[in-house]
Amino acid sequence: MASNRIGRINEEIQRELSALLRTLKDPRLQNGLVSVTHVDTTNDLRYCKVYVSALDKSQEADVMKGLKSAAGYLRRELGAAVQLRYTPQLQFMADDSIEQGAHILEMLRDPNVVKPANPANADIILEDGK
């Protein structure tokens, strides 16, 4: 029962932080697309790990510095938006799961890497012509 509550809180925090990121005026955060991919809150609601993905990987270090400097503002605004007893302390983590997923998808589409499970299906042409 408690894990379901934590899951709903995580979703609400993710939604609010995604909206708050658009309001930040830090130039390190305005240059690229930054998205909150996952939120993991502790059971006592004191700490919250926020996994963030940046579109431009070369600016990821600057994005993380910008988020860490804005953590106090984001925590205050999150506390006003989400009614909890404690507003969790935000810890930002870089997330590359989107890039890993794209790499796996690319590997799966490569016929030299993945062979068909049924050899009878080897000459089937896919929709995109590959």
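1. A residue is called buried when its relative accessible area is under 20%. Ile6 has a relative accessible area of 9%, so Ile6 is buried. This residue belongs to helix α1. The model under discussion is predicted, and every value in this note is to be read with that in mind.

2. Overall composition. The protein has 130 residues, of which 26% count as buried. Its secondary structure consists of 5 helices and 3 strands. Read from the N terminus, these elements follow the order α-α-β-β-α-α-β-α.

3. Helix α1 and a contact across the sequence. Ile6, located in α1, is separated from Thr42 by 36 residues in sequence, and the C-alpha atoms of Ile6 and Thr42 are 8.1 Å apart in space. Helix α1 covers residues 2–21 and also contains Glu12 and Arg15, which are 3 residues apart, about one turn of the helix. The side chains of Glu12 and Arg15 form a salt bridge, with 2.5 Å from N to O. Glu12 has a relative accessible area of 28% and is therefore partly exposed.

4. Salt bridges in the whole structure. How many salt bridges does a search of the whole structure find? The search finds 3. Side chains of opposite charge can pair when their charged atoms come close. Besides the bridge between Glu12 and Arg15, Asp26 is bridged to Arg28, with 2.9 Å between the closest N and O atoms. The partners Asp26 and Arg28 may be described in turn: Asp26 is buried at a relative accessible area of 16%, whereas Arg28 is partly exposed at 31%. A further bridge joins Arg76 to Glu77, where the closest N and O atoms are 3.4 Å apart. Arg76 is exposed, with a relative accessible area of 54%, while Glu77 is partly exposed at 26% relative accessibility.

5. The loop between β1 and β2. Strand β1 spans 34–41 and strand β2 spans 47–54, and Leu45 is found in the loop between them. Leu45 is not a glycine, yet has a positive phi of about 60 degrees. Is Leu45 buried or exposed? With 8% relative accessibility, Leu45 counts as buried. Asp44 lies in this loop between β1 and β2 as well, but is partly exposed, with a relative accessible area of 46%. Asp44 and Pro88 are 44 residues apart in sequence, and their C-alpha atoms are 9.0 Å apart in space.

6. Aromatic residues. The structure holds 0 aromatic pairs. One ring nevertheless deserves mention: Arg46 lies over the face of Tyr86, at 3.5 Å from the ring centre.

7. The two sides of helix α3. In α3, which covers residues 60–69, the buried residues are Glu60, Val63, Met64, Gly66 and Leu67. They lie on the same side of α3 because they cover an arc of only 160 degrees around the axis. Ala61, Lys65 and Lys68, on the other side of α3, are exposed. Lys65 and Lys68 are thus found among the exposed residues, whereas Glu60 is among the buried ones.

8. The two sides of helix α4. Which residues of α4, residues 71–81, are buried? They are Ala71, Leu74 and Leu78. These residues cover an arc of only 60 degrees around the axis, so they are placed on the same side of α4. The other side of α4 has Gly72, Arg76 and Ala80 exposed. Arg76 is the residue already described as bridged to Glu77, and its relative accessible area of 54% makes it exposed.

9. A nonpolar patch on the surface. Which residues form a nonpolar patch on the surface? Ile104, Met107, Leu108, Val113 and Val114 do so, and together they have about 420 Å² of accessible area. Met107 has its place in helix α5, which runs over residues 97–109. With 37% relative accessibility, Met107 counts as partly exposed.

Definitions and conventions
Residues numbered from 1 in each chain as written. Predicted model: local features only at pLDDT ≥ 70, side-chain atom pairs only at ≥ 80, totals over all residues. Heavy atoms only, no water. Buried < 20%, exposed > 50% of the residue type's maximum accessible area, 1.4 Å probe, protein only. Helix = DSSP H or I, 4+ residues; strand = E, 2+ residues; numbered from the N terminus. Arc of directions from axis to C-beta. Patch = residues over 30% accessible without salt bridge, like charges linked within 9 Å, V, L, I, M, F, W, Y side chains within 5 Å. Areas by Shrake-Rupley, 256 points an atom, 1.4 Å probe, with all protein chains shown as cover. Salt bridge = Lys/Arg side-chain N within 4 Å of Asp/Glu carboxyl O. Phe/Tyr/Trp six-rings, centres within 6.5 Å; stacked < 30°, edge-to-face > 60°. Lys NZ or Arg CZ within 6 Å of the ring centre and 35° of its normal.
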